[in-house]
Amino acid sequence: MGAVWRLYTIILSLQKLCPYGKFTNHVILIPHIIMEVEGKIIQFIGERSGVSKAGNPWKSREYVLETKENYPRKIAFDFFGDRADQFPLNVGDEIRLSFDIESREYQGRWYTSIRGWKSEPLAAAPVAPQAPMAGAVPPPPIVEPMNNGEDLPF
């Protein structure tokens, strides 16, 4: 906590010196923000694997998630390394995805990916019995007719 507090006070003092946030020749560190999104897996793109330059094997599984909003968004993401096997997903699964955004440069171009680090299934909302509205008249009880050989109820 002490390191985060010191970082926060440094950022505040820099903002006082330059209120528009133009910190040239400085590196500003911002505490990690957890990013999450909820949605449904609509596509399994595929699995890739290989060996790194250092000789280490790697694996990646890629998916597409569609959010539940008025204007749904489709988000392509992957699980990399051990997490590819740790979080197996199927098309139709409804999940909460925790992720990081990573960018890297390759031959003068920048590439950005959404890298999942945790997936939790969304619990289906339990269906509760509907309570009667206030002031509503309850329905009359159902009475089965007794047939003792007479047609008249009295």
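Q: Two strands count as paired when DSSP finds at least two bridges between them. In this predicted model, what makes β1 and strand β4 (residues 94-106) a pair?

A: The two strands are joined over six bridges in the antiparallel sense. The requirement is at least two bridges, so β1 and β4 are paired. Within β4, Arg-96 is the residue that stands opposite Glu-38.

Q: What makes β4 and β5 a pair?

A: Twelve bridges link β4 to β5, again in the antiparallel sense. Set against the threshold of at least two, this count means that β4 and β5 are therefore paired. Ser-119 in β5 has Leu-97 opposite. The two strands form a hairpin, with two residues between them.

Q: Why is Gln-107 called exposed?

A: Gln-107 has a relative accessible area of 67%. Exposed means over 50%, so Gln-107 qualifies. The residue belongs to the loop between β4 and β5.

Q: What makes the phi of Gln-107 notable?

A: Its phi is positive, about 50 degrees, although Gln-107 is not a glycine. Most residues other than glycine have a negative phi.

Q: Why does Asp-82 count as exposed?

A: The relative accessibility of Asp-82 is 69%. The class begins over 50%, and Asp-82 is therefore exposed. Asp-82 is placed in helix α2 (residues 82-86). Its C-alpha lies 8.8 Å from that of Ser-60, a residue 22 positions away in sequence.

Q: Which residues of the largest nonpolar core touch the most other members, and why can they be called buried?

A: They are Ile-41, Leu-65, Phe-77, Phe-79, Leu-89, Ile-95 and Leu-97, out of 13 residues in this core. A nonpolar core is a set of buried residues, and buried means under 20% relative accessible area, so membership places these residues under that limit. At least two residues of the core come from each of β1, β2, β3 and β4.

Q: Which residues is Ile-41 in contact with, beyond its neighbours within four places in sequence?

A: Among them are Tyr-63, Leu-65, Phe-77, Leu-89, Val-91 and Ile-95. Contact requires heavy atoms within 4.5 Å, so each of these residues meets that limit with Ile-41.

Q: What is the volume of the largest pocket, and which residues are closest to its centre?

A: The volume is about 240 Å³. Of the 15 lining residues, Arg-48, Glu-62, Asp-78, Arg-104 and Ser-113 are the closest to the centre. β1 (35-51), β2 (57-67), β3 (74-80) and β5 (109-121) each give two or more residues to the lining.

Q: How many residues of this lining are charged?

A: Five are charged, while seven are nonpolar and three are polar.

How values were computed:
Residues are numbered from 1 along each chain as its sequence is written. This is a predicted model: local features need pLDDT of at least 70, side-chain atom pairs count only at pLDDT 80 or more; totals for chains, interfaces and linings use all residues. Side-chain values use heavy atoms; hydrogens and water are left out. On a 1 Å grid over the protein atoms alone, a cavity is a set of points where a 1.4 Å probe fits but cannot get out, and a pocket is an open set with protein on both sides within 12 Å along at least five of seven lines; lining residues have an atom within 4 Å of a point. Grid points are joined across faces, edges and corners, and a volume is the space filled by probe spheres set on the points. Helices (H or I, at least four residues) and strands (E, at least two) are DSSP runs, numbered from the N terminus. Ala, Val, Leu, Ile, Met, Phe, Trp, Tyr, Cys and Pro count as nonpolar, Asp, Glu, Lys and Arg as charged, and the others, Gly among them, as polar. A nonpolar core is a set of buried Ala, Val, Leu, Ile, Met, Phe, Trp, Tyr and Cys residues joined through side-chain atoms within 4.5 Å. Buried means under 20% relative accessible area, exposed over 50%, partly exposed in between (1.4 Å probe, protein chains only).
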